[in-house]
Every structure is written in C-alpha cells, then in structure tokens.
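Here is a short report for a reader new to this structure. Look over the sequence and the fold, then read on.

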Amino acid sequence: MPVTWYTAPITRIEEATPRVRRMWLTLPDESPAFDFQAGQFLTMDLPIGEKRLQRWRSYSIASAPTGGREIELCIVKMAGGLATEYLFEKVEIGTEIKFKGPDGSFVLPEVIDQDLIMVCTGTGVAPFRSMLLYLDNNGWTNHNIHLIFGSRTREDLLYADEFLALANRRPNFRFTATLSRITDDPTESWIKKGYVHCGYEEDYSTVVKDRKFLLCGWTNMIDTAVEKLIIEMGYGRDQVGYELYG
Ligand SMILES: Cc1cc2nc3c(=O)[nH]c(=O)nc-3n(C[C@H](O)[C@H](O)[C@H](O)COP(=O)(O)OP(=O)(O)OC[C@H]3O[C@@H](n4cnc5c(N)ncnc54)[C@H](O)[C@@H]3O)c2cc1C
C-alpha cells in the first residue's frame, strides 16, 4: 500500500508543564481524512537531518478519533534531542508538519472482555487519554478500567483534572497518580508516593484471568513492569501489552 503523507499546520500550542507541550495539528479541508484508532501514533518527517531515518519521529495521538480534522499530541522535551529541540524551539503557530500514519496496534480490544489496567509515565499517557475519551464518547464498558500514571511531582501530571472528572462520572474507572519526587505524604486518596509500579503491585497481587495490563512509556519503565508482572507476579504474557517510546 502506498504511504499517504499529510501536511498540517500547528494551530495551537499549550505548555502543559515546563517540559511538556500539548500541540494541535489541523488538517486543511482539502487534505484526505486522517482516520485513526485510539492508541495509534503518527510519524513526522522533520527537517532535522539528511537521511529519512534521522528525520522520522513517532508521536502517539492524544485526542480521540472523532472524524474531525484536529489532532492533539503531547510531547516531552528531551535534553539534547533533535526532534524535540525542533518542536520546542523552532516551530510556531502555522508551521507545517509533514507526517504519515496512523500506525500501531496498541489499541483497545474490539470487545472489552477483561478489566484494563493502564500503566504509564509522562507523555506515555497520550494513547490512554485517547482510548478513555473514545470510550467515554462511544459507549463505556462494564469492565473496570484503572489508569495508573507515574510522574515526578503534581505539576508533572498531565490531564489529571480530566481523569478525576472521568472517575467521578464513571464508577468503574479509577485514576491513581504515583509521584516519585514529592517530599510530603499525599492527603489525596488518588495519589501514592513512589514509582509507577507501586500503583499496581499491591492492588493486583492476586492473578486473575480477566485482567489485562497495558503499558506505555520508555524502556526502563516497560522493562521493569514486564518483569514484575510476568516473572514476579505470575501474569500470562498475553495479559501484558505495551507501547515502547524508546
Ligand atoms: C510509537 C511511539 C510513540 C511515541 N509517542 C510519543 C509521545 O506521544 N510523546 C513523546 O514525547 N514521545 C513519544 N515518542 C518518542 C519520540 O518518538 C522521540 O523518540 C522523542 O521525542 C525523542 O526524540 P528526539 O529527536 O528529541 O531525541 P533524540 O535525538 O532521538 O535523542 C533521544 C535521547 O538520546 C539522547 N541522545 C541523542 N543523541 C545522543 C548522542 N549522540 N549521545 C548520547 N545521547 C544522545 C538525547 O539526549 C535524548 O535524551 C514515541 C515513540 C514511539 C516509538
């Protein structure tokens, strides 16, 4: 299948935290539609290198598939990172971004027949935000969904207000934030002090078949979580799926 490349201007930028920005691309009316499933990503071709593999970077889509022309991304600045230096220092409203996609199989099951435990750190929350918005808009599930989001501090939590509101509205949705660099003992019932793994280790120490873990983030977190869940806790390989950012 020939690859379709899209070009869309940046139409909005919001600094979500000192290191993370939300960025919206809006496809022009004459552009083909960009139909994606919640959880998928797009790949940008950025003017940051000669060879295409030097220029390509993937970003999960943080917005829900609605058939609309706006796509939201959520990007963390990496020290010394070529693409993120470009996306934080060189772009402005109106800068055109070339991208292809959607790609990826990190999506919701067609029929949700297990409880879903979503585990992420930082901008790894993006595909889960898309999935949760999608479910909220298109028919929620009877199964439990638990989002466990690891950050350093309260200020680093992305979309927390949305997730708390969703937890109020959907009784079988639970939101836990784990904060690794706070010095106080949190009084909020939804915050735990520690790394993201403390968000699932105790609660799900008893293995049951109708539970699936979805993980999203960088190598260290994913490697540790896969080892804990499968080797230490005894979950089946088919009960753990992940999207690796790098
Ligand atoms: C499927 C997928 C989805 C993704 N979704 C998202 C998302 O939604 N949000 C998001 O923020 N990221 C996401 N990523 C990660 C993203 O694609 C980029 O990898 C990330 O933005 C870093 O790119 P960069 O060019 O800035 O860093 P790079 O230039 O690729 O460098 C990465 C790191 O390596 C270090 N480094 C680079 N060169 C050297 C060197 N010569 N020596 C030593 N260290 C070096 C840099 O300091 C930096 O910390 C996703 C990745 C994948 C695969």
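Two residues are in contact if their C-beta atoms, placed from the backbone, lie within 7 Å. With that in hand, turn to Gly-124. Leaving out residues up to four places away in sequence, Gly-124 touches Cys-216, Gly-217 and Tyr-245. The model is a predicted one.

**Gly-124 and its surroundings**

Gly-124 sits in the loop between strand 7 (115-121) and helix 3 (126-138). Is Gly-124 buried or exposed? Gly-124 is buried, because 27 other C-beta atoms lie within 10 Å. Ser-60 is 64 residues away from Gly-124 along the chain. Their C-alpha atoms are separated by 8.2 Å.

**Helix 3**

Helix 3 comes after that loop. Its 13 residues should span 18 Å at 1.5 Å a residue, and its end C-alpha atoms are 18 Å apart, so the two values agree. The buried residues of helix 3 include Ala-126, Pro-127, Phe-128 and Arg-129. Ser-130, Met-131, Leu-132, Leu-133 and Leu-135 are buried too. Gly-139 follows helix 3, and its phi is positive, near 110 degrees.

**Strands 7, 11 and 12**

Cys-216, a contact of Gly-124, belongs to a strand worth a closer look. Strand 11 covers residues 211-217. How many of its 7 residues are buried? The count is 6, so strand 11 is mostly covered. Strand 11 has two parallel partners, set out below.

| Pair of strands | Sense | Bridges | Residues that stand opposite |
|---|---|---|---|
| Strand 7 and strand 11 | parallel | 6 bridges | Asp-115 and Arg-211 |
| Strand 11 and strand 12 (residues 240-244) | parallel | 5 bridges | Cys-216 and Glu-243 |

**Two domains**

The domain assignment gives domain 1 (5-103) and domain 2 (115-244). Their C-alpha centres lie 24 Å apart. Across the boundary, 14 residues of domain 1 are in contact with 13 residues of domain 2. On the side of domain 1 that touches domain 2, strand 1 (5-17) and strand 5 are the elements that give two or more residues. Strand 5 gives the largest share, 3 residues. By class, this side of domain 1 has 10 nonpolar and 4 polar residues. It has no charged residues.

**The ligand**

Where does the ligand lie with respect to the two domains? Domain 1 and domain 2 both give residues to the shell around the ligand, so the ligand lies between them. The shell holds 21 residues. The closest are Ser-60, Gly-80, Gly-81, Ala-83 and Thr-84. Three elements give two or more residues to this shell: strand 4 (56-60), strand 5 (70-76) and helix 2 (82-90). Strand 4 gives the largest share, 4 residues. The shell divides into 11 nonpolar, 8 polar and 2 charged residues.

Two names come back here. Ser-60, one of the closest residues to the ligand, is the residue whose C-alpha atom is 8.2 Å from that of Gly-124. Strand 5 gives residues to the ligand shell and also to the side of domain 1 that touches domain 2.

**Backbone details**

Some local features deserve a look. The peptide bond from Gly-101 to Pro-102 is cis, with omega near -5 degrees. Pro-102 lies in strand 6 (residues 96-103).

Gly-104 is in the loop between strand 6 and strand 7. It counts as partly exposed, because it has 18 C-beta neighbours inside 10 Å, and a buried residue needs 20 or more. Which residues does Gly-104 touch, not counting those up to four places away in sequence? They are Gly-39, Gln-40, Phe-41 and Glu-243. Glu-243 also stands opposite Cys-216 in the pairing of strand 11 and strand 12. Gly-81 is 23 residues from Gly-104 in sequence, and their C-alpha atoms are 23 Å apart in space.

Tyr-159 is found in the loop between strand 8 (145-151) and helix 4 (160-169). Tyr-159 has a positive phi of about 60 degrees, although it is not a glycine. With 22 C-beta neighbours inside 10 Å, Tyr-159 counts as buried.

Technical notes:
Residues are numbered from 1 along each chain as its sequence is written. This is a predicted model: local features need pLDDT of at least 70, side-chain atom pairs count only at pLDDT 80 or more; totals for chains, interfaces and linings use all residues. A residue is buried if 20 or more other C-beta atoms lie within 10 Å of its own, exposed if 12 or fewer, and partly exposed in between; C-beta atoms are placed from the backbone. The expected span of a helix is 1.5 Å times one less than its number of residues. A residue is near a molecule or strand if its C-beta atom, placed from the backbone, lies within 6 Å of it. Ala, Val, Leu, Ile, Met, Phe, Trp, Tyr, Cys and Pro count as nonpolar, Asp, Glu, Lys and Arg as charged, and the others, Gly among them, as polar. Domain bounds come from an automatic or database domain assignment. Two strands pair if DSSP finds at least two bridges between them.
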